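Biologist: I am new to this protein and would like a close look at one residue and what surrounds it. Please start there and then work outward.

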Amino acid sequence: MKLLTSLLLLTLLSMTASCTKSETHAPIIPSLKVDGTQLVNENGEAVVLRGISYGWHNWWPRFYNKESVKWIAEDWGADVVRAAMGIHYEEPELTYNAEPEKAVELISKVVDGAIESGIYVIIDFHSHHIELDLAKKFFAEMATKYGEYPNVIYEIFNEPVEDSWEDVKAYSEEVIAVIRAIDPDNVILVGNPHWDQDLHLVADNQIEGVSNIMYTLHYYAATHGEYLRERGDYALSKGAPIFISESAGMEASGDGPMDYEKWQIWRDWAEERKISWITWSVSDKDETCSFLKPSASSTGGWTDDVMNESAIATRRFLREKAGLE
Ligand code: MG
């Protein structure tokens, strides 16, 4: 009996020791790759990532910290976050084009936080126009700094607006070449015209000769409907992998009432096809898509009274999928 107690004590002590160890080292998570149209892990098993995007870093820098990432990972059950590195002209303060070092510092806080929390992170070049030189410089730096980490996914163009697919494709090929010269394998997300809705054009003229790339589809459920899902299905039928790197349950303006019915149709569509999805966004503007109220802390600990309804619903969906409720 005494021996058994000692053994039990030893076991408990060694368990405590290993827990302490895992807290001081970043958890190791599976590398991702693309097999056909499916995101998979290193064993070839299908992976569906679900999570949320931060808002533009230049407008909501206060949320760009490791503590908020930890909260989103643990309390929301997200397995991916997206850091949206802003490129902007009207209010250039803190944008990458105006203050690149500060921008990289803020983005890095979220990336480092994701690595420490053991979740995936999308490094998103949040532009609406082609900025080839800026993008090449930025992704060379990011691939050098983070290419070794399985956590990192590069998103090289948030939402092209007026550029043609031919131009976006040419831009993408150049940026992909810069990344691949440094990092041979991490997944790269590629945008397409009209806010990532022209998947039918992508389907017929895909980027060739590069592995581990996926194409982004963005939807706002109250605005974008069946036609966009049909384009997505067409792209999949042509072998083009899809990642929903931005979406939400209201209009494309980010405002107006939630449409839960249409949002559910979209989420079912994605889940049935094992497509990863991200909801927009961690910010505190007075609009439907902003998850938080200005009274919310910058570092997580968000209770229902500081969350908007899109946040409360998104958190519930993520927690259900993560088996937290
Ligand atoms: Mg790599």
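Where is the place of A222?

Modeller: A222 sits in the loop between strand 8 and helix 8 (226–237); helices (H or I, at least four residues) and strands (E, at least two) are DSSP runs, numbered from the N terminus. Before going on: this is a predicted model, in which local features need pLDDT of at least 70 and side-chain atom pairs count only at pLDDT 80 or more, while totals for chains, interfaces and linings use all residues. Residues are numbered from 1 along each chain as its sequence is written, and side-chain values use heavy atoms, with hydrogens and water left out.

With a relative accessible area of 26%, A222 is partly exposed; buried means under 20% relative accessible area, exposed over 50%, and partly exposed in between, with a 1.4 Å probe and protein chains only. Apart from neighbours within four places in sequence, A222 is in contact (heavy atoms within 4.5 Å) with G249, M250, E251, D259 and K262. Two of these contacts, D259 and K262, are joined to each other: their side chains meet in a salt bridge, 3.9 Å from N to O. A salt bridge here is a side-chain nitrogen of Lys or Arg within 4 Å of a carboxyl oxygen of Asp or Glu. K262 is partly exposed, its relative accessible area being 41%.

S253 leads from A222 to the largest pocket. The C-alpha atoms of A222 and S253 are separated by 9.9 Å, and the two residues are 31 apart along the chain. S253 is among the residues nearest the centre of the largest pocket, together with W56, H128, A252 and W280, and the full lining has 22 residues. Strand 8 (213–220) and strand 10 (277–282) are the elements that give two or more residues to this lining. By type, the lining divides into eight nonpolar, 10 polar and four charged residues. Ala, Val, Leu, Ile, Met, Phe, Trp, Tyr, Cys and Pro count as nonpolar, Asp, Glu, Lys and Arg as charged, and the others, Gly among them, as polar. The volume of the pocket is about 470 Å³. A pocket is an open set of points on a 1 Å grid over the protein atoms alone, where a 1.4 Å probe fits, with protein on both sides within 12 Å along at least five of seven lines; lining residues have an atom within 4 Å of a point. Points are joined across faces, edges and corners, and the volume is the space filled by probe spheres set on them.

W280, one of the residues nearest the pocket centre, is joined to S281 by a cis peptide bond with omega of about 0°. S281 belongs to strand 10. Further along comes D284, which forms a salt bridge with R62, the closest N and O atoms being 2.8 Å apart. D284 lies in the loop between strand 10 and helix 10 (309–321) and R62 in the loop between strand 3 and helix 2, so this pair ties together parts that are 222 residues apart in sequence. D284 is buried at 15% relative accessibility, whereas R62, at 28%, is partly exposed.

The loop between strand 3 (50–56) and helix 2 (66–74) also holds N58. N58 is buried, with 7% relative accessibility. Not counting residues up to four places away in sequence, it touches G86, H88, E91, E93, L94 and T95. Of these, L94 lies in the loop between strand 4 and helix 3 (100–117) and is buried at 14%. Phi of L94 is near 75°, a positive value in a residue other than glycine.

Helix 10 has a link of its own. R315 and D75 form a salt bridge through their side chains, 2.7 Å from N to O. R315 lies in helix 10 and D75 in the loop between helix 2 and strand 4 (80–86), so the pair ties together parts that are 240 residues apart in sequence. Both residues are buried. They belong to a network of salt bridges linking D75, R315, R319 and E325. The structure holds 20 salt bridges.
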